Amino acid sequence: MDISGLVEKVAESVVAVVTRPYEAFPGDFGFGTAFAIDTRFFATAYHVVVSAEEMALVTPEGEKAEGRVVVADPAEDVALIYSELRAPPLRMGSALRLKVGQGVVAIGYPLALLDKPTATFGIVSAVGRTLRAGDRVFEYLIQTDAAINPGNSGGPLVNMEGEAVGVNSAIIAGAQNLGFAVPIDIVRIAYEMYRKYGKYVRPALGIYLATLNKAAASLYGIPVEKGLLVVDVVPGSPAEEIGIERGDVIIRVDGREVHNVFELRLHVAEAVINRRRPSFEVWRRGRRVEL
């Protein structure tokens, strides 16, 4: 299978990130990768830019421009950079449409090799992984056997249509020969929120949830097989104000079925972006309730 054309096209959107950390020695630089998502806006991994006092984005042709972080989300390991550097935006897909066994390519600048982006090919080996890295817990990660090394962190994970489906993250290590990427859906939400409000805020309902399946539904005697079981509600939270109760099963948000917590988070964030409250359909004590 020849994917050279796909790699060549995607690489036009991928740039190197060169940072000078705070209190660095002369000549001490950090390296990573970013990719264009819109005119003058680039996505990368948070850990690539977290300690940067100065930052430059560089193309293989030697074009260079300063970069400025406008969105930083350490909880997701995602950041957005503004720069005068121009690169064609990469189309964004969705991690929700990925399937195990699907081919993907990780593109970036590993090990500070700035000649041109490199590509590694693999398959999606799992979707929706939850992993701990230090004191942080990352949810709904894309797991792949495409090699991800320090340096190509922040680069895109793309599908066979050339769409970005994830942001590569080398700090999330779970096993040998496995790489992990943060869903591109988070980048899309962060950018849309920044573009509309000038900042990014992670929406939070204030509920603890468990994904409902056939076994759990049978155990608790719940006559629905899909949805999210509300384990607890934080006092004084938006969820309590809306009327969500412990024991509810959230079936739909804004008329769309929810199969996992990640889908719920995306639907709520989209509602916030559009300046409205989301509607919830829940199963409560034998009947459907609209909230």
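**Exercise 1. State how strands β4 and β5 pair and over how many bridges, and place them in their barrel.**

Solution. Strand β4 (residues 52-58) pairs with strand β5 (residues 64-73) in the antiparallel sense, over three bridges. Strands here are DSSP runs of E with at least two residues, and helices are runs of H or I with at least four, numbered from the N terminus. Two strands count as paired if DSSP finds at least two bridges between them. In one of these pairings, A56 has E66 in β5 as its bridge partner. The strands belong to a closed barrel of six, in the order β1-β2-β3-β6-β5-β4, with antiparallel pairing. On average, neighbouring strands of this sheet are turned by 40 degrees against each other, direction ignored.

The model is predicted: local features need pLDDT of at least 70 and side-chain atom pairs count only at pLDDT 80 or more, while totals for chains, interfaces and linings use all residues. Residues are numbered from 1 along each chain as its sequence is written, and side-chain values use heavy atoms, with hydrogens and water left out.

**Exercise 2. Describe the barrel that contains β11 and β12, and the helix that packs on the sheet.**

Solution. This closed barrel of six strands runs β7-β8-β9-β12-β11-β10, again with antiparallel pairing. Its twist averages 50 degrees from one strand to the next. Within the barrel, β11 (residues 164-169) and β12 (residues 179-183) run antiparallel and are joined by four bridges. The bridge partner of G166 in β12 is P183. Helix α3 (residues 184-197) packs on the sheet and touches β11 and β12; its direction makes about 30 degrees with that of β12. Contact means heavy atoms within 4.5 Å. Axes are lines fitted to C-alpha atoms, for helices over the stretch in contact, and angles run from 0 to 180 degrees between N-to-C directions.

**Exercise 3. Characterise the crossing of α3 and α6 and the residues that meet there.**

Solution. The axes of α3 and helix α6 (residues 261-273) come within 10 Å and cross at roughly 15 degrees. The two helices are therefore roughly parallel to each other, a label for angles under 35 degrees (over 145 is roughly antiparallel, 65 to 115 roughly perpendicular, and the rest oblique). Their crossing is left-handed, that is, the near helix is turned anticlockwise from the far one by less than a right angle. From α3, the residues D185, I186, R188, I189, E192, M193, K196 and Y197 take part, and they meet F262, L266, A269, E270, V272 and I273 of α6. The residues of this contact divide into nine nonpolar, no polar and five charged.

**Exercise 4. Determine where Y140 lies and whether Y140 is buried or exposed; then do likewise for D254.**

Solution. Y140 lies in strand β9 (residues 136-144). Although Y140 is not a glycine, its phi is positive, at about 55 degrees. With 14% relative accessibility, Y140 counts as buried (under 20% relative accessible area; exposed is over 50% and partly exposed in between, with a 1.4 Å probe and protein chains only). D254 is found in the loop between β15 (249-253) and β16 (256-257). D254 also has a positive phi of about 55 degrees without being a glycine. Its relative accessible area of 23% makes D254 partly exposed.

**Exercise 5. Describe the surroundings of G122.**

Solution. G122 has its place in strand β8 (residues 118-133). At 4% relative accessibility, G122 is buried. Leaving aside residues up to four places away in sequence, G122 touches Q102, G103, V104, T144, D145 and A146. G101 and G122 are 21 residues apart in sequence and 8.9 Å apart in space, C-alpha to C-alpha.

Technical notes:
Nonpolar A, V, L, I, M, F, W, Y, C, P; charged D, E, K, R; others polar.
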